[in-house]
Amino acid sequence: MATTVRRSTRTLPAAPLGPENPLPALLPRDEAHVLDGSERAALPPEMARQVGYAPLRSVLPTRVLDGYGRQRTPTALETIVLENARLRATVLPGLGGRLASLFHKPTGRELLYANPVFQPADFALNGAWFSGGVEWNIGATGHTALSCAPLHAARVPAPGGDGAMVRLWEWERLRDTPFQVDLWLPEDSDFLYVGARIRNPHHRTVPAYWWSNIAVPESPGTRVLAPAEESWYYAYERTLRRIPVPEWDGVDLTYPLNSRFPADYFHEVPAQSRKWIAALDGTGRGLVQTSTDLLRGRKLFVWGAGPGGRRWQEWLTEPGTPGYVEIQAGLARTQLEHLPLEAGGEFAWLEAYGPLDTDPETVHGADWAAARAHTEERLESVLPRGAVEEAYAAWRPCADDAPEGGPADWLASGPGWGALEVERGGFTLPGTPFPPETMGAQQRPWTALLRTGTLPGGLEHLPPGPTLVAPEWRELLESADADPNSATTGAASRREVDYHLGVAQWHVGDRSQAVRSWERSLEQGVGWPALRCLAVADRQEGNGARAAERCLAAVHDARERLDPSDALAEAALTALAAEAVEALLAEDRAQDAEQVLAGLSRQQQQRGRCRLLRARVLLAQGDPAGARALFEAGFEVEDLREGEEVLSDTWAALTADPLPARYDFRMRP
């Protein structure tokens, strides 16, 4: 059959994403992949430079997604299906362009781990993320802030006129870099081709990051192979060390279930070697991924066989579902690194995904070199290295081809942030258009600032909109005029300008100016948004008492001003309360913390995060029995962060009994 591209739907039990968190994420979220200076000094020079280059200050200008739950109902998700006689690839354009399924028709095998549910969890840089399939991680160390975001998608002629390919593209806002992912299936091919490109349209160097994360089924016989004899081991103890492959301390770690705790293994692939990684089951069959040489890194991530990893696996799907491991491919050796992308430059490469059949006795034999060589020979026989280079050369001229039709004809559309940046910068981006008609309500105030020099004031009963923090937007805020159409002769817009300016100044590290901007905004009556930002600044300066007082004042002010029937306003009220309780507990003000929680709606009080905070308040009030009763009644912290140990720490503070299995998410010894 000729290759086809069609729109469809896939119905899954799905938890709703919920609203964005309206509080600007002023601080870096807890990211597990961090090294201190002494550890960096011991690394190879190039690696050390890239590990220390441009760490993320925060996830601004994106917002945190933490309003999801765990009640799933059947939901039709929009999909794009590419299909030829041998493969069927299913893409989720509304969820980061995730490749959710790659089905090999001749053998009836699903090559990826296809999660049977959509269950967000707090793994992405900005919160909501879900497991399964192949995700395109761009931006900075961690799962992309686009994990649960819609991308633009359209048909584009495939290389050589061989049917159509699907182009996914978006403006990655953490690093201000547009990117694209082109997927196509040559007729009768057993391999899906993926052409990817990151561009820097600016006049300054920007940090770049990319890892393609591939979830594959986990079984007791699964072995992961790559052309490496050494690996950089990194686990949740946050220590990076070089270890041999396949065996370390008497354990063959190329079998994922031989690891007890979750861990990363970044393979040291020789520069001249072909770049590939494969996950093969006990019969020698599975998925192989290969690429052009620019995508140099290869990694194995395992959940391990311990109780914490098993609990996380269950948390991300449903009981009784087989587990998974991740095989990954990236621009650097490790995910701790970012690469400089020069002004006007780009990174472009090609990947291929498909089935691989090998001799199981050789693959699972004792000789690692023989297993590796045999796997590469089998890959070469079904997809020669030269064929991948030829496919890249054929695709590269097509990367600038315009998508078919306009936005109304596209397969899917993303938000208007890219269109706003194109208008501001006057960028020309062949192949990835960002038309102005994609801009909506969130972009409207910033369009006005760009075109008129005035930032319109918002509605007092709703939280302020998102803040743009790039240098160019900060300059526009610094020179912004008051809105002459404001009912209070510009005061409303001026105080919002100062509020947003403070966020932008804070983001760039100018904290004293940020505090002054927020203080001006507070004097002009902006209220709780400025109080909350000033409380964050107080905590960073070590003034916990003033931070707690300002958090409490922000909660009271927000409850007077915000409309709790609005979803964003309710999200703001809940987030403010959670931050206030943390700040008050740190100052031994448990009674005030209890009153903050009591002021939440009944629905919000029942959320797992609030029930955990309630247990901590009871513990601080000297009532461990009451806190334990909450644990025994059972609750789930919907937004539990990857690596977060608050559940086990709280349990240990109230009893010496073993931690119940349902609360055991520990990812390290």
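**Figure 1. Helix 14 gives the largest pocket the biggest share of its lining, 10 residues.** Welcome to a tour of a predicted model, starting at this pocket. The space inside the largest pocket comes to about 1500 Å³. Its lining counts 46 residues, and those closest to the centre are Asn21, Asp66, Ala578, Glu579 and Asp639. If you would like to trace the walls, the elements that each give two or more residues to the lining are helix 12 (528-540), helix 13 (544-561), helix 14 (567-586), helix 16 (602-605) and helix 17 (608-620).

**Figure 2. The second largest cavity is lined by 16 residues.** In this close-up we turn from a pocket to a cavity. The second largest cavity holds about 90 Å³ of space. Arg10, Leu92, Ala100, Asn115 and Phe130 are the lining residues nearest its centre. Strand 1 (4-14) and strand 4 (98-104) each contribute at least two residues to this lining. In the whole model, the count of cavities of 30 Å³ or more comes to 10.

**Figure 3. Strand 8 (residues 134-138) is largely enclosed by the rest of the structure.** Why is strand 8 described as largely enclosed? The reason is that 5 of its 5 residues are buried, where buried means under 20% relative accessible area. Follow the side chains and you will find Val134, Trp136 and Ile138 pointing one way, with Glu135 and Asn137 pointing the other way. All of these residues are buried, on either side of the strand. Strand 8 runs antiparallel to strand 14 (residues 210-217), and 5 bridges join the two. A handy place to pick up this pairing is Val134, whose bridge partner in strand 14 is Ile214.

**Figure 4. Strand 24 (324-330) is covered on both faces.** Here 7 of the 7 residues of strand 24 are buried. Tyr324, Glu326, Gln328 and Gly330 make up one side, while Val325, Ile327 and Ala329 make up the other. Which strands pair with strand 24? Strand 14 does so in the antiparallel sense, over 7 bridges. Strand 23 (residues 297-302) is also antiparallel to strand 24, joined to it by 5 bridges. Ile327 is a good residue to look for in this view: Ile214 stands opposite it, and Ile327 is also the bridge partner of Leu300.

**Figure 5. Arg333 and Gln335 both sit in the loop between strand 24 and strand 25 (339-341).** Are these two residues buried or exposed? Arg333 counts as buried because its relative accessibility is 16%, and buried means under 20%. At 6% relative accessibility, Gln335 counts as buried too. The side chain of Arg333 makes a polar contact of 2.8 Å with the side chain of Glu268. Leaving out residues up to four places away in sequence, Arg333 touches Glu46, Met47, Trp211, Trp232, Phe266, Glu268, Arg296 and Gly297. The side chain of Gln335 has polar contacts to look at as well: one of 2.7 Å with the side chain of Lys299, and one of 2.4 Å with the side chain of Gln328. Gln328 belongs to strand 24 and is itself buried.

**Figure 6. Leu146 lies in the loop between strand 8 and strand 9 (152-157).** With a relative accessible area of 15%, Leu146 is buried. Which residues does Leu146 contact, its neighbours within four places in sequence aside? They are Leu95, Gly96, Ile138, Leu151, Glu170, Glu172 and Phe179. One of these, Ile138, is a residue you have already met in strand 8. For a sense of scale, Leu146 and Leu459 are 313 residues apart in sequence, and their C-alpha atoms are 28 Å apart in space.

**Figure 7. The largest nonpolar core has 59 residues.** Which of its members touch the most others? They are Leu102, Trp136, Leu168, Leu183 and Trp210. Strand 12 (residues 192-199) supplies the largest share of this core, 4 residues. Another core, of 38 residues, lies apart from it and includes Leu468, Val469, Tyr499 and Trp518. To link this view with an earlier one, look again for Trp136, which points from strand 8 the way that Val134 and Ile138 do.

How values were computed
Residues numbered from 1 in each chain as written. Predicted model: local features only at pLDDT ≥ 70, side-chain atom pairs only at ≥ 80, totals over all residues. Heavy atoms only, no water. Buried < 20%, exposed > 50% of the residue type's maximum accessible area, 1.4 Å probe, protein only. Polar contact = N/O pair within 3.5 Å; in protein donor to acceptor, adjacent residues only side chain to side chain. Contact = heavy atoms within 4.5 Å. Pairing = 2+ DSSP bridges. Core = buried A, V, L, I, M, F, W, Y, C linked by side-chain atoms within 4.5 Å. 1 Å grid on protein atoms, 1.4 Å probe; cavity = no way out; pocket = protein on both sides within 12 Å on 5 of 7 lines; lining within 4 Å. Points joined across faces, edges and corners; volume = space filled by probe spheres on them.
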